[in-house]
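Let's take a walk through this one together. Have the sequence and the model side by side, and we'll go from the inside out.

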Amino acid sequence: MALKKFDAEKYLKDGAKTYSLRGEVEALVDRITAKEYDSVCMLGIGGTWAEWYPVVEVAKKYTDLPIYLENAGEFLVKNKKHITDKTLVFTSSASGNTMEILKAVKYCKDQGINVYGFTKDETTPLANLLTDPIYNACGDCEHSYLLYYFVMLRILKNRGEFPHYDRWADQMENLFKDLLAAREKFEPRAIEIAKTYAHEPYTMFTGSGVLWGETYLFTMCILEEMQWVRTKTVSSADFFHGPLELVDDRVPVFVIKGEDEYRPLDERVERFVKEHTKKAVIIDTKDYILDGIDDEFRVICSPMIITAILTERLAIHYEQNTGHSLEFRRYYRQFEY
């Protein structure tokens, strides 16, 4: 099935461009980890915070190295004693002009702390602040995930904590082909889901573990910011401590099911909503094949599956049904606030 508003040839070319940055990222990580360091910090806000989230979650499965995921806005006003010149700090902003990111990076530089990261090109304000910036103009979230994983998993390899790095990284050359296939498989369902639920007054989404960041990103950055659709995002664990009381046949509940140790929490939510609403939508990453990628790496790749089928494909079909352009903002970046 043809994918609406999607250029598959360009997507695969962009994927190859992103993968080609592997060597540059590895060289950077090898260089900075050759020096003494005692912690890692990822700075993001909004969508970039959400994209760093699964990378940090995966890393914590392999290491006890202190790893901090900081919201840049909160970082600016909180105690920052845990961030020192021995902390490896990374950030990202595709536009390169995200206000909170720029201020957080400037703070670090004023403290003599290097910050490494990604932006679209050398013309952005962020590029002028980063130590050894890496440029990537490709916009889909899976490109960011891949680059961030190259950073974090290479750090762990160099610590002797992720010895499978080379095999994993080699297999990531298959990633974009697999995510294109996932899009094609999901497309008919995306059409039906959007037609059924795009005009609902309130929709609930649950997720957990490695998929929590992407669940949060899709609801906040896509449905709320870009579609003005009212949503509630709740972790699968917290669902049973408040939100379940809102569930009835008027409320759609999307259950995003992962493949990590949190899956039983997702399954518990699934059992409940199937019994208490006729508007249950179950999205399971296990339904999508990753050809040429070992099963042990599926958890690492699972957020990329969700971003491919929801944040990209379902978003397009919501746009078709709401008639509200994904490009139009009423407030965001429209004026100072």
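Start with strand 1, residues 39–44, which runs parallel to strand 2 and is tied to that neighbour by five bridges. If you want a spot to put your finger on, V40 sits opposite I67 of strand 2. Keep in mind that this is a predicted model.

Now zoom out to the whole sheet. Five strands make it up, paired in parallel and ordered 2-1-3-4-5, and the sheet is open. That leaves strand 2 (67–71) and strand 5 (134–135) at the edges, each with pairing on one side only. Lying against the sheet is helix 6, residues 141–158, which touches strand 1, strand 2, strand 3 (87–92) and strand 4 (115–119). Compare directions and you'll find that helix 6 makes an angle of about 170° with strand 3.

Next, follow strand 4 to T119. Is T119 buried or exposed? Its relative accessibility is just 1%, so it counts as buried, the cut-off being under 20%. Leaving aside residues up to four places away in sequence, T119 has quite a list of contacts: S93, A94, S95 and G96 are among them, as are T124, L126 and A127. I134, Y135 and N136 touch T119 too. Y197, on the other hand, is 78 residues from T119 along the chain, and 35 Å separates their C-alpha atoms.

Finally, head out to the surface. Here Y331, Y332, F335 and Y337 form a nonpolar patch of about 500 Å². To find it, look in the segment after helix 11 (298–322), where Y331 is located.

Technical notes. Residues numbered from 1 in each chain as written. Predicted model: local features only at pLDDT ≥ 70, side-chain atom pairs only at ≥ 80, totals over all residues. Heavy atoms only, no water. Patch = residues over 30% accessible without salt bridge, like charges linked within 9 Å, V, L, I, M, F, W, Y side chains within 5 Å. Areas by Shrake-Rupley, 256 points an atom, 1.4 Å probe, with all protein chains shown as cover. Salt bridge = Lys/Arg side-chain N within 4 Å of Asp/Glu carboxyl O. Helix = DSSP H or I, 4+ residues; strand = E, 2+ residues; numbered from the N terminus. Pairing = 2+ DSSP bridges. Contact = heavy atoms within 4.5 Å. Axes fitted to C-alpha atoms, helices over the stretch in contact; angles between N-to-C directions. Buried < 20%, exposed > 50% of the residue type's maximum accessible area, 1.4 Å probe, protein only.
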